Amino acid sequence: MNISMIITLLAGVIILYLWFTYNGLVRSKLRISEALSQIDVQLKRRTDLIPNLIETVKGYAKHEKELLENITKARTSLMQAHSTKEKAEANNELSGTLKTLFAVAENYPQLKANENFGKLQDELTDTENKIAYSRQFLNSTVLDFNTKLNIFPSNIIGSLFGFKPADFFAATEEEKKAVKVSF
């Protein structure tokens with residue numbers, strides 16, 4: 001083997017490595033986009049269920065007007081959120097108000113016995129579980145991507161092509177607190 005053949009072979013290996021690493025980073029970035037899209041689908045489903053839930057509750061809990069208004073505001077904030085951070089914050093706010101609503105519903109036996117309320121509560125619970133799973137999937141995907149951007153030598157390739165770390169879909173300190181309801 002002569003020197004030009006070795007150089008050509010080495011250049012080929014380097015090009016293949018760059019190609020595979022770049023494609024791996026792109027694939028990871030696309031997985032993050034897909035995971036965000038799945039969260040959006042579940043958040044949309046939840047925001048579509050909320051008006052029905054509010055209407056069902058209104059007849060039973062007339063004096064809980066402020067809570068219902070807060071849920072409506074939180075729902076609107078979520079629908080208007082654009083960035084991952086805005087969506088996470090709006091989602092956390094809405095989750096907190098829904099927890100309060102279900103805690104308040106415990107005080108209304110007629111409401112708890114209402115078939116529509118029960119079905120809506122079950123659908124929301126199912127949706128909340130799907131949102132939680134989607135968040136976990138997103139955060140795992142973000143972790144994988146960010147790890148690739150921080151380990152050698154893919155960190156060099158990532159910075160060469162302008163890849164930036166992705167944001168996690170994180171719970172706020174407020175969301176981590178227990179919901180307190182007083183009557």
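**Exercises on a predicted helical model**

**Exercise 1.** Determine whether Tyr 22 is buried, partly exposed or exposed.

*Solution.* The relative accessibility of Tyr 22 is 32%. Buried means under 20% and exposed means over 50%, with partly exposed in between. Tyr 22 therefore counts as partly exposed. This residue lies in helix H1, which covers residues 3-58. Tyr 22 also belongs to a nonpolar surface patch, together with Phe 152, Ile 156, Leu 160 and Phe 161. The accessible area of these residues together is about 560 Å². The model used here, as in the exercises below, is predicted.

**Exercise 2.** State how many helices and strands the protein chain contains, and give their pattern.

*Solution.* The protein chain has seven helices and zero strands. Along the sequence, the pattern reads α-α-α-α-α-α-α.

**Exercise 3.** Describe the largest nonpolar core and identify which helix gives the most to this core.

*Solution.* The largest nonpolar core holds 32 residues. Those touching the most other members are Leu 53, Ile 71, Leu 94, Leu 98, Leu 101, Leu 138 and Phe 145. At least two residues of this core come from each of H1, H2 (65-80), H3 (84-105) and H5 (115-150). H1 gives the most, with nine residues. For Leu 94, the residues touched, leaving aside those up to four places away in sequence, are Arg 46, Ile 50, Ile 71, Ala 74, Arg 75 and Leu 78.

**Exercise 4.** Give the share of buried residues and the accessible surface of the protein chain.

*Solution.* Of the 183 residues in the protein chain, 34% are buried. The accessible surface is about 11500 Å², and carbon and sulfur atoms account for 59% of that surface.

Note on methods. Residues numbered from 1 in each chain as written. Predicted model: local features only at pLDDT ≥ 70, side-chain atom pairs only at ≥ 80, totals over all residues. Heavy atoms only, no water. Patch = residues over 30% accessible without salt bridge, like charges linked within 9 Å, V, L, I, M, F, W, Y side chains within 5 Å. Areas by Shrake-Rupley, 256 points an atom, 1.4 Å probe, with all protein chains shown as cover. Salt bridge = Lys/Arg side-chain N within 4 Å of Asp/Glu carboxyl O. Helix = DSSP H or I, 4+ residues; strand = E, 2+ residues; numbered from the N terminus. Buried < 20%, exposed > 50% of the residue type's maximum accessible area, 1.4 Å probe, protein only. Core = buried A, V, L, I, M, F, W, Y, C linked by side-chain atoms within 4.5 Å. Contact = heavy atoms within 4.5 Å.
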